[in-house]
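Let's take a walk through this one, chain by chain, and then look at where the chains meet.

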Amino acid sequence: MEFYTKPGEYDPINYVPHTESHGTSELWRTFWILLGITILDFVIYFVMGPSGFRNFIFIFFGLVKAYYIVGAFMHMKHERINLALIILVPTIFIIGLIMGLLYEGSAISQVKC
Amino acid sequence: MDFLVFIPLFRRVEIIPPMANQQAAAFEKQPMWAGGRSPFNVSYGKLMMWIFLLSDAFTFSSLLVQYGAQRFSNVESAVTTKWPDPASIFNHFPFMHGFHLPLLFVSVMTFILIASSVTMVLAVEAGHRNSRKEVQKYMLYTIVGGAAFLGCQAWEWATFIHEGARLDSNMFGITDQGYKHLASVSFGDHFEWEAGDRTWGPVPFAALFFIVTGFHGFHVFSGVVINVVVYIMTVRGVFERRGHYEMIEKAGLYWHFVDLVWVFVFTFFYLI
């Protein structure tokens, strides 16, 4: 492998910016939150009957868990805001995909009947 | 585990010399987009891992949205039975054969993955403090957790196939009699399918279960392989000589992403 920089010279490709430890308290707190929400999922499944509102709760809890995993475990809270934006903003397109395909799916079910 | 130093893996070690650090500090005083430094303040490798995870997020969301579209297009009608209620099918638990325990096993699997995720992030944190012994310990816990999850998934698949599910057919078109039978048992009761409980159901239910959990399971398998490689490199002292434990961080990003995908697989395949 050939590099254009000489040994000992600064090389932006291989250079790693210094990172600090933020301690483990936030990580353990996140773990208990994730565990609590999973147990709550389990309880709600048996306490409530199947309904659209229950599905809404499950999806909302899924998004809360995603927030904690990406924010704390994947360190996104402590990254620079422009990195967070280029990763998170494109996922907006997934919402469009969900709305479009669920609409088409229910339209197909009308044709099948 | 120190015998691992004899495995001739990843011999090349780049060490960033102190001189380069001084030059980098000079670049970091310049405006953010002036060049010569990462405007995101992360290394090239970590940025590329994030971009890869974004593309992988699109892969998994396309699979899960496909599941949603198939489910919405297969409502109960003259030509097809109702989309089966997943928790009444995945109601088995190892060593508890014949008991109706819906959602219990998959909750245990979720717990295993969350636990291995937290040991991974503790390894990353230990890496920030350059503590090699702690990184080794937590990486080993993470590998064990990943292997346990894979074992659980293998058991889940084996049970599902044994019950009659195939990639191209679905024996879980639950009839009215089957739903009455399911409603008559409560959590922990004895339960076996009876004749007339089931008929042929919507094929995409079984097919998409195998495809999506298979895709996720293969990601977990790749993550375990990556973690093993990184663990061997840690034992060999590669990161100690390099001066930073960033490789743990990149492997950790991938591992947490696998956990993140499981959150949504759990929500859409088992809960809803």
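**A walk through chains B and A**

Start with how chain B is wired: of its contacts between residues at least 6 apart in sequence, 76% join residues at least 24 apart, a contact being two residues whose C-beta atoms, placed from the backbone, lie within 7 Å. Keep in mind that this is a predicted model, where local features need pLDDT of at least 70, side-chain atom pairs count only at pLDDT 80 or more, and totals for chains, interfaces and linings use all residues. Residues are numbered from 1 along each chain as its sequence is written, while chains are lettered from A and ligands numbered from 1 in the order in which they are written.

Chain B has 9 helices and 2 strands, in the order α-α-α-α-α-β-α-β-α-α-α. Helices here are DSSP runs of H or I with at least four residues, and strands are runs of E with at least two, numbered from the N terminus. The C-alpha trace of chain B spans about 75 × 45 × 30 Å along its principal axes. Its radius of gyration is 24 Å, where a compact globule of 272 residues would come in near 19 Å (taken over C-alpha atoms; the globule rule is 2.2 Å times the number of residues to the power 0.38). As for burial, 38% of the 272 residues of chain B count as buried, meaning that 20 or more other C-beta atoms lie within 10 Å of a residue's own C-beta, again placed from the backbone.

Now zoom in on a helix pair. α2(B) and α9(B) pack at about 15 degrees with their axes 11 Å apart (axes are lines fitted to C-alpha atoms, for helices over the stretch in contact, and angles run from 0 to 180 degrees between N-to-C directions). That angle is why α2(B) counts as roughly parallel to α9(B), a label for angles under 35 degrees.

Chain A has 4 helices and 0 strands. Its radius of gyration is 22 Å, well over the 13 Å from the globule rule for 113 residues, so chain A is more spread out than a compact globule. Of those 113 residues, 15% count as buried.

Where do the two chains meet? The contact takes 56 residues from chain B and 52 residues from chain A. On the chain B side, α1 (18–28), α2 (44–73), α4 (104–128) and α9 (246–271) each give two or more residues, and α2(B) provides the largest share, 11 residues.

Note on methods:
A residue is buried if 20 or more other C-beta atoms lie within 10 Å of its own, exposed if 12 or fewer, and partly exposed in between; C-beta atoms are placed from the backbone. Angles under 35 degrees count as roughly parallel, over 145 as roughly antiparallel, 65 to 115 as roughly perpendicular and the rest as oblique.
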